[in-house]
Amino acid sequence: MAALVHARAATGPSAVALRSHGSTVTYAELWQRATDTARDLDRTGVRPGDIVAVRLPAGPEAVVAMLGTWLAGAAFLPIDTATPDERRGYLLRHSGAVATIDAEIGLTLLEPASVGRAGTAAPGTADPAYVVYTSGSTGTPKGVLVGHEQLAGHITAAVALFELTANDTVLQFASLGFDVAQEEIWPTLAAGGTLAFHGGGVPDTGSLASLTELLDVTVLQLPTAYWRMVCSELDGATGPSFAAVRTVVIGSENATTDEARTHRRTPLGHTTLVNGYGPSETVITASALVLPPHAAVPATAGLPIGGPVGERVLHVLDDHRRPVAAGESGELWIGGPLLAAGYLHDPARTEERFAADPFAADPAARMYRTGDIVRRHRSGDLEFLGRTDNQVKVRGHRIELDEVDRHLLTAPGVTSAVAFTVDDGDGGHLLAAALGRSAEGPDPQAVRAHLRERVPGYLVPGRIAVLDRLPLTTSGKTDRRAAASEAAAVLAAPAGTQDDDSELPPLDAVVRMLRGLLQDPGLGPDDDFLARGGDSLMAMRVCARMRSLGVPMLPADLLTGRTARIAAARAGERSAPVSHSGAEPAGPLDLLPAQQRWLYDGELPEPDHFCLNALFATDPGLGVDRLRAVAGSLLLRHPALRTVLHADGTAALGEPDADAAVHSVDLGSIPARRRTERLEEELAAVQRSMLLADGRVFHLLHAELGDGTARLLMTVHHFVLDGVSMGLLVDDLEALLAGGATQPPATGPRTVGTAMRAWLDSPQARADAAEWAARARDFADLRPERQDDDRLPSLRTHRFRLSADSTRLVTHVLPARGIAPHDFALGALVGGLTLWTGHPVHGVDVYAHSRDTSVGDLDLSRTVGYVQSTFPAVLRWQGDGITALRRALEGLSALPERRYGFDALRYASPVEAERAALRGCPHPAVRLNFRGHLLRLEQRAPGAVLRPADESFGAHRSPLQRERYLLMAEGDIVDGELELSLKYSTGHWSDGRIEELAHAIERVMSGVLSAPDAPRETAGDIR
């Protein structure tokens, strides 16, 4: 490398080698300054083969120091300037460094270390280039020694991989202690390009764009976590400009194909994306996927890590070190000549991780065991799947959890400890830990403070839970997985209410975001963000969200202010968010997936008769004019209430007609004994009056009873809205009648349909279609007892309830263990079906409101429309208790998170093969609708304008209609108790057979709630 720089200095001495804001260093100047440094090192006593520690901030001086070290014949040890003193001392002692070039004290000769000089301590190299330390499983970091020959080979490969030329400028982004910095520096200089420096810290997105423009950057090499945040902030944006950038290189942790698609939607979308992978032991990037801007994104969940870089050889082997077939998973071993020499002063560990390569012709060839599980696709590209050991990646740092365990045990009051990672909610991970309780504590805050003084920040757990004792395996070892599960439940426990004197809305927003990102529900507005585990990337994410809300907060507000209150105060006077209007005029309307399912998934003998209803008692004398004004407001605010369904299956929005939507009757002259009967006749007649082709889908019926009371029925055709929407509509109806204001305008159905049509053309839709087609099959074929008349009059319902105590376990305790109430109901239903039929695998069509993961990331929280989704969940039940439930729900978590996609693709995919594949999937015979607290729309607050009514509004569907399922389960929370209803036709099942199913589900629920590893509260009865 030194010869390459010298050649560049000779052929182009005035070319710019290094550039920072306001200054440049030419190749001639770089060479001269490095030569001067080499002389200084020689005079100090540094000899060939020695190690020189370089502790300087990223910038020209660091490059000069490292190049000068090479010219002196020595290897360098890069140390980040933020490394704690204790850790730095260990690195200097263990490496045997003879001198240090330090930002604070300059060039200094060190006392001889007991380990000795490094020249003879590392196997396989007589010419070391650098040593970099990574996390070690023994509790101490391990030094990876890289030779000049191997580094030179990688530099040549990296120049080719990134297509570097003398016209390129590469931003030096990584900290000096991270080996990626070597890949940013030396290939750039080898190609005769310019290395640019950003001045330290982590720039926000705007600053990054400004830097690339100011410094003429053409290649960005970014940590995956940082890149993910940039893409998230710029998703769909047209600026800022990154026009000069041609290539973006990411690495250090796993990326997904969804994130690659997001990259395409940002101002960086014109660039080539390179996804690199490589442990330090394989000399930085060992494999890479190169994705040009117009190439198809791979149809995998994880973004592949591609093929070998340079002369490396990638082996995917089984437990016996035999190659696995294409498409199978195995452990990645990396061979070829571009491997590190080994671990400094640690021949045993070197022998353990670097083995002879039996697949190479050279008997001296080696291969490195990565511990990573990968799959080789038929294209030859590798996809990263996970780890085989306790090594994890957190924000780009490779961490041995065993090392973190050992550091935790040095903290006062800690007698047992185990580290693990938790999801940070955005595709990455946070380091967390569980500590055993002792008489002396421990105090999580004090533990973190203790570690921060001794180890780098990335080894300090951001979340710490204190447990009564850590769980053990049968062999008496600490059970890391079980401890992580228990700790996660503690960390996710609901927080108490915060009694602070916050005045500004931004403060509340920041606190909420930080609680979620840090998984710390107890964090308050005055708590130290950094002490609680925050970092610059997290600050960037919070600020990106705040900017989307109209508050241009900067990462520095959090990083220097340290608390949410100070950060919000600095940014609190900024502009307010912009409201979204849901106003949609008359005109064509796309059908939503739920509407297509309703139309095409079964017979409809009387399609106009299918209503959702809400009946209330109210004060008399409302008056037709007032009701028309209310109806007019609802028709304008909620365009779905103006839906017209034409005979050809197309839909449109009509003009609002409040007059046609209101009807009033006076029943005061009807004898009291017949009044209820007559009222119910009127209620039934309104439902039968719906007419989709005319747009008659919404109606208000007001009936004066002549006894000082009145009734108000709101009926809406189910084709235009779902159950959640009906609750929102009732809220607006009540607000208008009370003279108050409704909620702000909501997203309308046309906006949803347009977003759905755009999504159907996306690569994400292609990937989801393949996933649905693969997973919505291979389940038991449920057969009824008999095949008799199954029209609606034959329907029966069997109900049973959990006690209030057991319901609390379902609604409050299980969610802290990662099991939502609706998932509990689904798993228990499948478990019951397994006991009832003897078949372990069952398909269930599940209703989902689809408002949390909505198409186009639209805000559907107040949308009135048929946005509900139905998707098939195929679950396997084996065993019993909460363990069986967790295993069963793994099938649910494997499905695409966009539940609306199954029906959307089944009916409207632009790809005929996808439509055919999904329509060919078997239809589940069981349906689950978990409504929770939505059961009683009529239950209003005391003193409200609308009050519960006792009359029946009659059949809301045609009696000629048949159910499309053999069994329909519904879950509701009624008076604090979970009620499960089983609907069935006597044309298919006997009452006794359904009772057997109910008892089977009860047994499963009891087993889950009373299992040894279930919540400790008593499960109570089921009745």
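In this predicted model, five strands form an open sheet: the 5 strands run in the order β31-β32-β33-β28-β38, and their pairing is mixed. The edges of this sheet are β31 (662-666) and β38 (947-948), each of which pairs on one side only. At the β38 edge, the partner is strand β28 (residues 611-618), and the two pair in the antiparallel sense over 2 bridges. Within this pairing, Phe 616 stands opposite Pro 948 in β38.

One strand of the sheet, β33, also takes part in the surroundings of a helix. Helix α18 (residues 593-600) has 7 of its 8 residues buried, so the rest of the structure largely encloses this helix. The buried residues are Pro 593, Ala 594, Gln 595, Gln 596, Arg 597, Trp 598 and Leu 599. Thus the buried set of α18 includes Arg 597 as well as Trp 598 and Leu 599. These buried residues pack against strands and helices from several places in the chain: β29 (643-645), β33 (710-717), α22 (749-760), β35 (841-848), β36 (869-876) and α27 (901-908).

Residue 871 falls in the range given for β36 (869-876). The ring of this residue, Phe 871, has a charged side chain over its face: Arg 899 lies there, at 4.7 Å from the ring centre.

A further arginine, Arg 962, meets an acidic residue in a loop. Asp 790 is found between α23 (763-775) and β34 (795-801), in the loop that joins them. Although it is a loop residue, Asp 790 counts as buried, because its relative accessibility is 14% and the limit for buried is under 20%. The side chain of Asp 790 makes a polar contact with the side chain of Arg 962, at 2.7 Å. Apart from neighbours within four places in sequence, Asp 790 is in contact with Arg 962, Glu 963, Ser 985 and His 988.

Aromatic rings also pair with one another. The count comes to 13 aromatic pairs. One of them joins Trp 70 and Phe 76, with 5.3 Å centre to centre and 35° between the planes, and this pair is tilted. Phe 76 also pairs with Tyr 130; here the centres are 5.9 Å apart and the planes are at 15°, so the pair is stacked. The cut-off that separates the two cases is an angle of under 30 degrees for stacked rings.

The pair of Phe 76 and Tyr 130 links distant parts of the chain: Phe 76 is in strand β4 (residues 75-78) and Tyr 130 in strand β7 (residues 128-134), 54 residues apart. Trp 70, Phe 76 and Tyr 130 belong to one aromatic cluster together with Trp 186. How exposed or buried are the members of this cluster that have been described as pairs? Trp 70 is buried at 6% relative accessibility. Phe 76 has a relative accessible area of 0% and is therefore buried, and Tyr 130 counts as buried at 1%.

Cysteines complete the description. The structure holds 0 disulfides. Two of the cysteines can be placed by their accessibility: Cys 231 counts as buried at 2% relative accessibility, and Cys 921 counts as buried at 4%.

Conventions:
Residues numbered from 1 in each chain as written. Predicted model: local features only at pLDDT ≥ 70, side-chain atom pairs only at ≥ 80, totals over all residues. Heavy atoms only, no water. Phe/Tyr/Trp six-rings, centres within 6.5 Å; stacked < 30°, edge-to-face > 60°. Buried < 20%, exposed > 50% of the residue type's maximum accessible area, 1.4 Å probe, protein only. Helix = DSSP H or I, 4+ residues; strand = E, 2+ residues; numbered from the N terminus. Lys NZ or Arg CZ within 6 Å of the ring centre and 35° of its normal. Disulfide = S-S within 2.5 Å. Polar contact = N/O pair within 3.5 Å; in protein donor to acceptor, adjacent residues only side chain to side chain. Contact = heavy atoms within 4.5 Å. Pairing = 2+ DSSP bridges.
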